[in-house]
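Trainee: I have a model open in front of me and would like to learn how to read it. Could you walk me through it?
Mentor: Gladly; let us bring it up and take it feature by feature.

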There are 2 protein chains.
Amino acid sequence: MTSVGTVVWLTGLPSAGKSTLARATATRAREQGRAVAVLDGDELRQALWPDLGFSKAHRDENVRRAGALAGLLAAQGLVVLVALVSPYRSARSVARGQAARFLEVFVSCSLSVCEARDVKGLYARARAGEIQGMTGIDDPYEAPTAPELVLRTEEWTVAECVERLMAALVELEASSAPGEQA
Amino acid sequence: MTSVGTVVWLTGLPSAGKSTLARATATRAREQGRAVAVLDGDELRQALWPDLGFSKAHRDENVRRAGALAGLLAAQGLVVLVALVSPYRSARSVARGQAARFLEVFVSCSLSVCEARDVKGLYARARAGEIQGMTGIDDPYEAPTAPELVLRTEEWTVAECVERLMAALVELEASSAPGEQA
């Protein structure tokens, strides 16, 4: 028998901490005996569909595909942690509809701090005019209005964020699948 | 810590039994405590990249993407069962190169029996001239020359095939990762 899994969708500005939190939470969830997959937006783009760019239509398709894949894996009982900027509300709403159990996590961090971190050097390149359509600079980030969880990476350590995320996951698993085995 | 996973690649004619064996093996592997994902070729096409058709180039790209995805998930410690016709040797070779541990399973069944099963009605449509490029009819299936395992679905039951596949998986896990924990 396959139990129902969960899609944990981490959205936020570039360098907000999505991938870091996805990987740290994956480690914790595995330690607790869960089957886990991490889908990192950058990896998906590079490895699976490099044909997609950063236009609105391509961003939407990128999020749709990531959501479809996450839903497909979660239906097999996996906890699927998706780390993806996914800047548009409407596209995230589509992703939510592709999973039986969905936990939207807003990885919240101010633009100034994200830009100071600039993990991949994208903000610097956007400020220099070398790339266009950079989320937070010249492309909008639509913050979630009602996420299941907000993680403030400026204020809380990675360990604290992981604790909060795991607590939300456990609560969701318990509330939305009464009688089901973990 | 993440242990190394395995890509189990089931190749064979349409209706040879790939999806059936992938799902049955997944159930068994989960029962034994493994984290498992099944990637079904038809599901990937429909859900993720419906833009790909059945030309040689698109088939190759379909197999490349499935292999990249499988490798990405196996690198996270999952046993990834891929059920995909993947008719061309060269494309399967690319998939092998995308995984640290790869188990190629030739799901062997005669064309006549596959055509009699015709799970999706594709053989009938191909014979009627309604679809072109059907593997086994008017598009080649290049059988593996040196697969790790051959499963003869005309001769063996699903349970027997699953037993053999699990034995091969256990053997590969033991041989290619000395000292690693399961």
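Trainee: Let me start with a single residue: does Asp118(B) count as buried, exposed or partly exposed, and how many C-beta neighbours does it have inside 10 Å?
Mentor: One thing to keep in mind is that this is a predicted model. The general idea is to count neighbours: 20 or more means buried, 12 or fewer means exposed, and anything in between is partly exposed. Asp118(B) has 15 C-beta neighbours inside 10 Å, so it counts as partly exposed. It sits in the loop between helix H5 (111-117) and helix H6 (122-127) of chain B.

Trainee: And what is the phi of Asp118(B) near?
Mentor: Phi of Asp118(B) is near 40°, which is a positive value in a residue other than glycine.

Trainee: Which loop holds Ser86(B), and is Ser86(B) buried or exposed?
Mentor: Look in the loop between strand S3 (79-83) and H4 of chain B. Ser86(B) has 28 other C-beta atoms within 10 Å, so it is buried. Its phi is positive too, about 35°, although Ser86(B) is not a glycine.

Trainee: Now helix packing. How do I describe two helices that touch?
Mentor: Two packed helices are described by the angle between their axes and the distance between the axes. Try helix H3 (residues 56-74) and helix H4 (residues 89-97) of chain B: their axes come within 8 Å and cross at roughly 20°. Angles under 35 degrees count as roughly parallel, so H3(B) and H4(B) are roughly parallel to each other. Their crossing is right-handed.

Trainee: Which residues of H3(B) and H4(B) meet?
Mentor: From H3(B), select Asp60(B), Val63(B), Arg64(B) and Gly67(B); they meet Ala91(B), Arg92(B), Val94(B) and Ala95(B) in H4(B). By class, this contact has four nonpolar, one polar and three charged residues.

Trainee: At what angle do the axes of H1 and H7 of chain B cross?
Mentor: Helix H1 (residues 18-31) and helix H7 (residues 158-176) of chain B cross at roughly 60°, with axes that come within 9 Å. The crossing of H1(B) and H7(B) is right-handed. On the H1(B) side you will find Thr20(B), Leu21(B), Ala24(B), Thr25(B) and Arg28(B), which meet Val158(B), Cys161(B), Val162(B), Leu165(B) and Met166(B) in H7(B). The residues of this contact divide into seven nonpolar, two polar and one charged.

Trainee: Let me zoom out. How many helices and strands does chain A have?
Mentor: Chain A has seven helices and five strands. From the N terminus on, they run β-α-β-α-α-β-α-β-α-α-β-α.

Trainee: What radius of gyration does chain A have, against that of a compact globule?
Mentor: The idea is to compare the chain with what its length would suggest. For 182 residues a compact globule would have a radius of gyration near 16 Å, and chain A has 16 Å, so the two agree. The C-alpha trace of chain A spans about 55 × 35 × 30 Å along its principal axes. Of the 182 residues, 43% count as buried. Among contacts in chain A with a separation of 6 or more, 78% join residues 24 or more positions apart.

Trainee: Last, how many residues does each chain bring to the contact between chains A and B?
Mentor: The size of an interface is often given as the accessible area lost when the parts come together. Here we can count residues instead: 15 from chain A and 15 from chain B. On the side of chain A that touches chain B, the elements that give two or more residues are strand S2 (36-40), helix H2 (41-47) and helix H3 (56-74). H3(A) gives the largest share, five residues. That side of chain A divides into 12 nonpolar, one polar and two charged residues.

Definitions and conventions:
Residues are numbered from 1 along each chain as its sequence is written. Chains are lettered from A and ligands numbered from 1 in the order in which they are written. This is a predicted model: local features need pLDDT of at least 70, side-chain atom pairs count only at pLDDT 80 or more; totals for chains, interfaces and linings use all residues. Two residues are in contact if their C-beta atoms, placed from the backbone, lie within 7 Å. Helices (H or I, at least four residues) and strands (E, at least two) are DSSP runs, numbered from the N terminus. Ala, Val, Leu, Ile, Met, Phe, Trp, Tyr, Cys and Pro count as nonpolar, Asp, Glu, Lys and Arg as charged, and the others, Gly among them, as polar. Axes are lines fitted to C-alpha atoms, for helices over the stretch in contact, and angles run from 0 to 180 degrees between N-to-C directions. Angles under 35 degrees count as roughly parallel, over 145 as roughly antiparallel, 65 to 115 as roughly perpendicular and the rest as oblique. A crossing is left-handed if the near helix is turned anticlockwise from the far one by less than a right angle, and right-handed if clockwise. The radius of gyration is taken over C-alpha atoms; the globule rule is 2.2 Å times the number of residues to the power 0.38.
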